[in-house]
Amino acid sequence: MTIFSTPSHIAPGRAITILGAGHVGFAMALLLQQTGDYDVLVVDRDPARLAEVAPLGVSTQLATDDASLRAAIDGRFAVLNALPFHCAVPVATLCAEAGVHYFDLTEDVQSTQAIRALATNARSVLMPQCGLAPGFIGIVGNDLARRFDSLHTLRMRVGALPRYPQGALRYNLTWSTEGLINEYCNPCEAIVDGVRTTVPALEGLETFALDGVEYEAFNTSGGLGTLTETLAGKARQVDYQSIRYPGHCAILKLLLNDLRLRDRRDLLKDILETAVPTTDQDVIVIFATAAGMRGGRLVQDSYSAHIVGTEVAGHRLSAIQLTTAAGICTALDLVAQVRLPQHGFVGQEAVQLADFLRNRFGVAYAGEGAPALEKCA
């Protein structure tokens, strides 16, 4: 499978630093290196991870303290942060001070709010939440919302799921365990009866079928990004839920509420990582639907996608690797092409869905059968 190539209109050799050489950092480096348009430096504190990414032909640098981290940021065109969520604000602060564009994948609401505050007088772009959810789903939601004269409801559902579920949880770890726990424990932003509010995680359980497969969905934190602010006063109901196979939510409530593991997150992380296998055989399920008035009639529009992993330049990428890396690389590309603002805070709603899906990285969201990444002409 190849990723579709379009003229980039980007000056070659743009210096990019990727912080974190884990699964997603590796995928980001692979996609960017394949274009030939970016000079990629991957930074990590683990020499073994850097050794795995070096054969891609990118530069690598060990960073074990603030000085080495700052050296990896200063003078670069942009930084793509693939570190854990608690690193988002410190790294964004360094980028703002250095006038370097900043992109991350955080689902943490407080981190995003802090980055927004940093961006008030920033000379560079500060653009958090550039992954799948938050990220692409906010772009989809905003596109759906704009189709209506009066928006009533906007419901967004995303799941990163095993293709071959086993066990009572019917789940495998496919991305950051810390981020997963955050989503299950933290309050969830929403618009209810026209008012911005928060609702509890793991509540709002619903079941539905998509393409003949039964799923459940329930409230989780962080997936909406800044969309509730954008749609405040414009919609009656806006919410985000994570998709799982049926039965998952009940077990999570037992662990988090009855056994009170929400108060012992380090223990919960250890339990999940020792008991729940990881998998590269995953699937991304995206389902968003909006209803409202258009032309004097009550109508509904929906968007759905089903994305599996693929091979890029001989390297197998899981679905979550592919979609997460494609999201943040698309954001970088659009800033480099001057198709997005060039300084200050940039929310996902600034990205037009058509621009995203036409992008050479964003085309990965077309799902199975999408073409893969080649160097630009």
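User: In which strand does V213 lie, and is V213 buried or exposed, or something in between?

Analyst: In this predicted model, V213 belongs to strand β11. A residue is called buried when its relative accessible area is under 20% and exposed when that area is over 50%, with partly exposed in between. V213 has 31% relative accessibility, so it counts as partly exposed.

User: What does V213 touch beyond its neighbours within four places in sequence?

Analyst: A contact means heavy atoms within 4.5 Å. With those neighbours set aside, V213 is in contact with F208 and Y245. A distance across the fold gives a second reading: V213 and T64 are 149 residues apart along the chain, and their C-alpha atoms are separated by 46 Å.

User: How should I read I243, and where is I243 found?

Analyst: The same steps apply: place, accessibility, then partners. I243 is found in strand β12. Its relative accessibility is 0%, so I243 counts as buried. Not counting residues up to four places away in sequence, I243 touches R157, V158, G159, L161, F208, Y215, E216, A217 and V285. F208 is thus a partner named for I243 and also for V213. The C-alpha atoms of I243 and P55 are separated by 36 Å, with their positions 188 residues apart along the chain.

User: Which residues of helix α6 are buried?

Analyst: For a helix, one asks how many of its residues fall under the 20% cut-off for burial. In α6, which covers residues 136-145, 10 of the 10 residues are buried, so the helix is largely enclosed by the rest of the structure. The residues concerned are F136, I137, G138, I139, V140, G141, N142, D143, L144 and A145.

User: What covers the buried residues of α6?

Analyst: The cover includes strands β7 (150-162), β12 (235-244), β13 (282-294) and β14 (297-308), together with helices α8 (227-230) and α12 (353-358). Strand β12, part of that cover, is also the strand that holds I243.

User: Which peptide bond is cis, and where is P134 found?

Analyst: The angle to read is omega. The bond from A133 to P134 is cis, with omega near 10°. P134 is found in the loop between β6 (125-127) and α6.

User: What is phi of D211, and what is phi of R260?

Analyst: Here one looks at the sign of phi and at whether the residue is a glycine. Phi of D211 is near 55°, a positive value in a residue other than glycine. D211 is in the loop between β10 (206-210) and β11 (213-219), and at 69% relative accessibility it counts as exposed. R260 likewise has a positive phi, about 60°, although it is not a glycine. R260 sits in the loop between α9 (248-258) and α10 (265-275), and it is exposed, with a relative accessible area of 57%.

User: How far is V312 from R260 in space?

Analyst: The two are 42 Å apart, C-alpha to C-alpha, and 52 residues apart in sequence. V312 lies in strand β15 (residues 310-312). At 2% relative accessibility V312 counts as buried, whereas R260 is exposed.

User: How many disulfides does a search of the whole structure find?

Analyst: The test is whether two cysteine sulfur atoms lie within 2.5 Å. The search finds 0 disulfides. C95 is in no disulfide, and the nearest cysteine sulfur, that of C130, is 12 Å away. For C130, the closest cysteine sulfur is in C329, at 10 Å, too far for a bond. Both cysteines are nonetheless enclosed: C95 counts as buried at 0% relative accessibility, and C130 counts as buried at 1%.

User: How many helices and strands does the protein have, and what is its radius of gyration?

Analyst: The secondary structure comes to 12 helices and 17 strands. The radius of gyration is 20 Å, close to the 21 Å that the globule rule gives for 377 residues, so the protein is as compact as a globular protein of that length. Its C-alpha trace spans about 50 × 50 × 40 Å along the principal axes.

User: What share of the 377 residues is buried, and what share of the accessible surface belongs to carbon and sulfur atoms?

Analyst: Buried residues make up 56% of the 377. The accessible surface comes to about 15,500 Å², of which 50% belongs to carbon and sulfur atoms. Contacts can be read by sequence separation: among those between residues at least 6 apart, 71% join residues at least 24 apart.

Note on methods:
Residues are numbered from 1 along each chain as its sequence is written. This is a predicted model: local features need pLDDT of at least 70, side-chain atom pairs count only at pLDDT 80 or more; totals for chains, interfaces and linings use all residues. Side-chain values use heavy atoms; hydrogens and water are left out. Buried means under 20% relative accessible area, exposed over 50%, partly exposed in between (1.4 Å probe, protein chains only). Helices (H or I, at least four residues) and strands (E, at least two) are DSSP runs, numbered from the N terminus. The radius of gyration is taken over C-alpha atoms; the globule rule is 2.2 Å times the number of residues to the power 0.38. Accessible areas come from the Shrake-Rupley method with a 1.4 Å probe; for residues, only the protein chains shown count as cover.
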